[in-house]
Amino acid sequence: MARYGMVIDIDRCNGCYNCFLACKDEFSGNNYPPFSAPQPNKGKSWMRLTEKERGTCPKVKVDYIPLPCLQCADAPCVNKAVNGEVYRRPDGIVLIDPEKAVGKREIVSSCPHRVITWNEEKNIPQKCTFCVHLLEQGWKEPRCVEACPTGALLFGDLDDPESEISRAVKSPGIEELNPEYGLKPNVLYRNLPKRFIAGEVLLADQQEACADGIKVTLKDKAGKQVCETDFLGDFEFDGLAPNQTYQIVIEHKRYARQSIEVKTDSNVNLGEIMLNPAG
Ligand code: SF4
Ligand code: SF4
């Protein structure tokens with residue numbers, strides 16, 4: 001028996017909304033008993049896309065976070081059900097029974113990720129089903145995964161040691177969305193937005209020209225990362241922990257070394273950093 005899961009790579013998501021549209025196309029007006037009733041034509045998507053902006057002008061980053069039901073192993077929506085109206089299949093897929101759940105509005109608020117929507121017309125709570133009706137027909141992945149042009153969504157059997165997803169979940173950088181909820185989700189993420197430190201290096205003896213190819217080192221207790229400034233003199237370290245102290249060291253043999261202590265209590269743009277000739 002498979003145990004289905006998904007890995008969502010935020011760095012690969014460009015916010016094209018193809019996953020959202022594929023979900024709408026599959027479920028709007030379509031009935032798939034006993035798994036799901038038709039999704040309303042407008043609004044109420046089962047694949048939400050959240051836009052997250054980080055930093056302040058002129059260093060602003062935008063990430064898109066696709067959010068389907070995370071198919072949790074320890075799901076409050078299942079625990080809330082009193083009559084089997086929300087249940088987990090042996091393959092890990094959590095479903096809302098469209099007949100038993102009629103009138104059960106309280107199910108909507110049971111999910112801390114707020115991925116359960118209320119279908120006013122049908123009088124039922126609804127959510128992503130991992131396209132279980134298609135998997136039952138032999139499909140290898142849900143419509144959203146098939147529609148994603150960048151490979152941001154990876155789907156498969158978490159218990160198959162040969163599957164790409166089982167290797168992916170064991171690789172570094174895999175994490176849960178809001179682990180503090182303690183839901184043991186079968187949908188996991190890579191490259192969720194973290195803090196960044198950025199800056200721009202200029203050369204004082206060259207009419208403050210942009211400093212291309214200058215070595216910049218970021219140090220913390222765990223070790224160090226090194227990058228070089230680009231042709232605009234810009235550098236950036238992303239994926240950093242919040243509220244941690246880092247040391248930024250800027251070095252070039254013809255210029256005086258600069259060392260700056262930075263705390264990531266927010267995303268940090270150090271702005272223009274002027275390098276003066278050595279000695
Ligand atoms: S993400 Fe929400 S709706 Fe989905 S299984 Fe977890 S608690 Fe239930
Ligand atoms: S289809 Fe893929 S790239 Fe487009 S928004 Fe969805 S996850 Fe992101």
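Mentor: Two residues are in contact if their C-beta atoms, placed from the backbone, lie within 7 Å. Keep that in mind for this predicted model.

Trainee: Leaving aside its neighbours within four places in sequence, which residues is Cys-144 in contact with?

Mentor: Cys-19, Ala-22, Cys-23, Met-47, Pro-68 and Leu-153. Their C-beta atoms lie within 7 Å of that of Cys-144, so each pair is called a contact.

Trainee: What makes Cys-144 part of a nonpolar core?

Mentor: A core is a set of buried nonpolar residues joined through C-beta atoms within 7 Å, and Cys is on the list of residues that may belong. Cys-144 is, with Val-94 and Leu-153, among the residues with the most contacts inside the largest core, which has 48 residues. Cys-144 therefore counts as buried, with 20 or more other C-beta atoms within 10 Å of its own.

Trainee: Which element gives the largest share of this core?

Mentor: Strand S1 (4-9), with four residues. Helix H1 (18-27) and helix H4 (143-147) are among the elements that give two or more.

Trainee: Which residues belong to the other core?

Mentor: That core has 14 residues, including Ala-211, Ile-214, Ile-250 and Val-268.

Trainee: How do you know that domain 1 and domain 2 touch?

Mentor: The domain assignment gives domain 1 as 4-190 and domain 2 as 195-275, and their centres are 39 Å apart. Five residues of domain 1 are nevertheless in contact with four residues of domain 2. On the domain 1 side, strand S2 (48-56) gives three residues, the largest share.

Trainee: How many residues on that side of domain 1 are nonpolar, polar and charged?

Mentor: No nonpolar, two polar and three charged.

Methods
Residues are numbered from 1 along each chain as its sequence is written. Chains are lettered from A and ligands numbered from 1 in the order in which they are written. This is a predicted model: local features need pLDDT of at least 70, side-chain atom pairs count only at pLDDT 80 or more; totals for chains, interfaces and linings use all residues. Domain bounds come from an automatic or database domain assignment. Ala, Val, Leu, Ile, Met, Phe, Trp, Tyr, Cys and Pro count as nonpolar, Asp, Glu, Lys and Arg as charged, and the others, Gly among them, as polar. A residue is buried if 20 or more other C-beta atoms lie within 10 Å of its own, exposed if 12 or fewer, and partly exposed in between; C-beta atoms are placed from the backbone.
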